[in-house]
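Biologist: Before we discuss particular residues, could you set out the terms and then take my questions in turn?

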Amino acid sequence: YTSGRQQAAERLADFLRKAKSAGQLRSDADIEIGASQFLDLCLSEILHRRLWMVTPEPGHDDIGKSVATAVATFMRAYGAER
């Protein structure tokens, strides 16, 4: 956990802090929770199907679609209104 997920969440939180400072995220956004939720959004669609062995290994397009959907969902929740 400390050498994988935790480091990813910390790096993402640093990135999100900069985005918040730049006005790209809501001023009341909780960055640590947001980072964790974003990572979960990126993994959820593919990871759960793979854990239950109901789909083959995802391809580049599958991963791209999952991440794009995660970004769109995250920004609806955390993005600054313009």
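Modeller: By buried I mean under 20% relative accessible area, by exposed over 50%, and by partly exposed anything in between, using a 1.4 Å probe and protein chains only. This is a predicted model, in which local features need pLDDT of at least 70 and side-chain atom pairs count only at pLDDT 80 or more, while totals for chains, interfaces and linings use all residues. Residues are numbered from 1 along each chain as its sequence is written, and side-chain values use heavy atoms, with hydrogens and water left out.

Biologist: Which residue forms a salt bridge with R49?

Modeller: A salt bridge here is a side-chain nitrogen of Lys or Arg within 4 Å of a carboxyl oxygen of Asp or Glu. R49 is partly exposed at 32% relative accessibility, and its partner, with a relative accessible area of 44%, is partly exposed as well. Both lie in helix 2, four residues apart, about one turn of the helix, where helices are DSSP runs of H or I with at least four residues, strands are runs of E with at least two, and numbering starts from the N terminus. The closest N and O atoms are 2.7 Å apart, and the partner of R49 is E45.

Biologist: Which residues are linked with R17 in a network of salt bridges?

Modeller: Within helix 1, the side chain of R17 meets that of D14 at 2.8 Å, N to O, and these two residues are three apart, or about one helical turn. R17 also meets E32 at 2.4 Å, N to O; E32 lies in helix 2 and R17 in helix 1, so this pair ties together parts that are 15 residues apart in sequence. The residues linked with R17 in the network are therefore D14 and E32.

Biologist: Why do the buried residues of helix 3 line one face, and what arc do they fall within?

Modeller: The buried residues in helix 3 are S66, A70, F74 and Y78. The arc is that of the directions from the helix axis to the C-beta atoms. Seen down the axis of helix 3, the buried residues line one face because they fall within an arc of 80°.

Biologist: Which helices do the buried residues of helix 3 pack against, and which exposed residues does the face turned away carry?

Modeller: With contact meaning heavy atoms within 4.5 Å, the buried residues of helix 3 pack against helix 1 (5-21) and helix 2 (31-51). The face of helix 3 turned away from its buried side carries the exposed residues D61, K65 and R76.
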